[in-house]
Amino acid sequence: MSDDLASTLINDLATGMVIVAIGIVWSRSLGWALLLICLQSLLLAGAALCAALATQSSHIYIGAMLTLVVKVFAAPTLLWLVLLKLPTSHDVQASIGQRTGVILAIALALILGQSFDAGPFRTAIGADRVLPAAVTVMVIGLMVMVTHRQALTQIVGFLMIENGMALAALTATYGMPLVVELGIFLDLLMAVFVGFVYIGRMHTIFGSLDTESLRTLKG
Amino acid sequence: MIAAVVVAMLAAPLAGAVLAQAPPLRRVAGPLALLAVCVTLAAALVLAAKVQADGPQSAFDSWVYVDSLSVVILVLIAIVGVCATLNSIPYINRDIADGHLGAADGPRYYSLLMVFMATMAVVPVINNLGIMWVAIEATTVVSVLLVSIYRTGQSLEAAWKYLVLGSVGIALALFGTMMTYYASAPLLGDTSQGLSWTELRAISSQLDPDVMRLAFVFVLVGYGTKVGLAPMHTWLPDAHSQAPSPVSALLSGVLLNCALYAVLRFRVLTAGSAGDAYADDLLIAFGLFSVGLAVPFLVVQHDIKRMLAYHSVEHMGIIALAVGIGGPVGLYAAMLHLVAHSLTKSSLFMAAGSVVQAFNTRSMHRMRGVLALAPFSGASLILGAVALAGLPPFAMFTSEYGLLSGSFTAGHALIGVSGLLLIALAAASLLYHTVQVSYGQPRPGKSVPRPSAAAVLSVSLPLLLLLFISIAPPAEFESALRDAATVIEGS
């Protein structure tokens, strides 16, 4: 694949990731949120594949494959299991309204997209829309974590932050060195798994996944 | 030889973790774990002796790099690890007997404890900043499981906050690490050496200062979350108070150091690239804010373990402040304070743990007359509090004096003085609370069983070591701290 084609495709995929991020803010049911985070990870894997095809470097291929295995399949599957197993409300329980959330997310995307052009970074691939997109995905992920009381959605927000980070790493430096990348995926999987265990326990103890129940420790 | 020692140091706890799960060995999981951490301690001491004699060591193609700074952190991990494991044996047995834990939780606890030890021991010996991040994130994931071992609503709450805040915080540190890699890529190329600390230090003056400044902000906020620097500290009092007390000792005594160690490594690179002032001003700001924020929470605190946890926020702030003030005196004070804090705080958490078990409450209002009821725990609480308050002859007096004098030399007199005033307030509240708990009228009819030999040994060992390095510090100890201070100062 030529460098120009690769950078165009990566630009488009990164923009797609931002749109999906806004979609996650918009979605009202957990099923949709999980489906969308899956889709976002798929776009990320696609971007990594483009970079790999353009550079022919083996560690980016491995990175793309790991993204597919861990972020598209393994992590969302664990969260699906929770959803299927627990007779809990499938509402996302955000503390701000749907419309406010989406407007806020779009505003963030526009502001960050405009303000990140010049920064000290020149991306390795020449895809100049990617770094702002990556930062936008991270910030929207953070917003989801802060505004959602549902434990599962908080994990979805965390996965969004991870996706944004991986996108930034991909464009700035063609990803991290392979050993580091492996370790990051391992940690991510373990963290999501621990979250999975805790969600089960939370449901047993409190009968819901609303993190409002987790407000007894103070001072 | 270095390679073999490092392998033994890391393999022993991992082997202990696996063996503790083997059915015939489940009954002796505790002693087995103790044996494993003793191997780790021996290996750490061998590394320390080697570094002392021959300077920094590296192995495995420079993936492992051990200098004086690593050695100080590593030996502390091992010492506190041995004490905490020793303390776990009576503590966990008691919890199982009281029904707070199931019989199957014992081996599980020791396995997690050993994996936790191994992940912490990786941090100071690994040369690659990326793997260091992986190891620090692994400490979060493992220690979260230890925090939640009681399966109550409150411990779940603490663990969830710790997992979420810890993971997000440390994701920011990954972003900072990534930027450092980005800064090095034009110079070192697209290789795994691009995150090797020794390589990066050698070229630190050529790293893009703008990128490194931004990287340091992310690293400081990210790892700072795990260090417990305010305002990212909110998970810390919850996690440290809900964990089993020997785990609190490890979390507070050495895990915070591991995260701080990562910040220090990045400080050297940032200082080399963008000058000392930028990193140091940030450290001073976060340090002073942490000390200041902890004080009101300390004064009104009634939960003994939360109080100790807020003291960790305070003392990590003091160390960050001392590093920020810098200079040979400030950095030496920072290292001395770090050592003294680890020893004192781990002993205090374990002593508090046995008091909590005896009174079956963490509320200090309901603990009275500890000295009369449980003379050993009471005496060690008082001694620990005196040491933590920075009264002579203990080492924290020296380090806090060093902080003050360093701040005058560096022209930060106002910062040093205001820091010291806050420290004095925190110390006064600590002594007040300790006196309330230790003396006072015990409830009539209340009796406390005699502490086991393991509990006595594990609580008194760190205090005795502290007393030793405070009153008659061996020349090797002082030179190790001086060398570590030189490492932080950079070239």
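In the predicted model, Asp54(B) and Lys50(B) both belong to helix α2 (residues 29–54) of chain B. They are 4 residues apart, so about one helical turn separates them. The two residues form a salt bridge. Their closest N and O atoms are 3.0 Å apart. Side chains of opposite charge can pair when their charged atoms come close. Over all chains, the structure holds 13 salt bridges.

None of these bridges spans the two chains: across the interface of chain A and chain B, 0 salt bridges are found. Polar contacts are present there, however. The interface of chain A and chain B has 6 residue pairs in polar contact, with both residues at pLDDT 80 or more. On the side of chain A that touches chain B, three helices each supply at least two residues. These are α5 (130–147), α6 (151–173) and α7 (178–206) of chain A. Helix α7(A) provides the largest share of this side, with 15 residues. By residue class, the side of chain A that touches chain B comprises 29 nonpolar, 10 polar and 5 charged residues.

The size of an interface is often given as the accessible area lost when the parts come together. Between chain A and chain B, the buried area is about 3900 Å². Carbon and sulfur atoms give 75% of this area. In chain A, the residues that lose the most area to chain B are Tyr198(A), Arg201(A) and Leu217(A). Together they account for 19% of what that side buries. In residue terms, the contact takes 44 residues from chain A and 49 residues from chain B.

A nonpolar patch was also found on the surface of chain A. Its area is about 540 Å². The patch is made by Leu39(A), Leu42(A), Met65(A), Leu68(A), Val69(A) and Phe73(A). Two helices of chain A, α2 (30–55) and α3 (58–85), give two or more residues to the patch. Helix α3(A) gives the most, with 4 residues. Val69(A), one of the patch residues, is placed in helix α3 of chain A.

Backbone geometry in chain B was examined next. Most residues other than glycine have a negative phi, and most peptide bonds are trans. Three sites in chain B call for comment. The peptide bond from Ala230(B) to Pro231(B) is cis, with omega near 0°. Pro231(B) sits in the loop between α8 (209–227) and α9 (235–242) of chain B. A cis peptide bond also joins Pro392(B) and Pro393(B), with omega about 10°. Here the loop runs between α15 (375–388) and α16 (395–409) of chain B, and Pro393(B) lies in it. At Phe60(B), phi is near 50°, a positive value in a residue other than glycine. Phe60(B) is located in the loop between β1 (57–59) and β2 (64–66) of chain B.

Key: Residues numbered from 1 in each chain as written. Chains lettered and ligands numbered in written order. Predicted model: local features only at pLDDT ≥ 70, side-chain atom pairs only at ≥ 80, totals over all residues. Heavy atoms only, no water. Contact = heavy atoms within 4.5 Å. Buried area = accessible area lost by both parts, 1.4 Å probe. Salt bridge = Lys/Arg side-chain N within 4 Å of Asp/Glu carboxyl O. Polar contact = N/O pair within 3.5 Å; in protein donor to acceptor, adjacent residues only side chain to side chain. Nonpolar A, V, L, I, M, F, W, Y, C, P; charged D, E, K, R; others polar. Patch = residues over 30% accessible without salt bridge, like charges linked within 9 Å, V, L, I, M, F, W, Y side chains within 5 Å. Areas by Shrake-Rupley, 256 points an atom, 1.4 Å probe, with all protein chains shown as cover.
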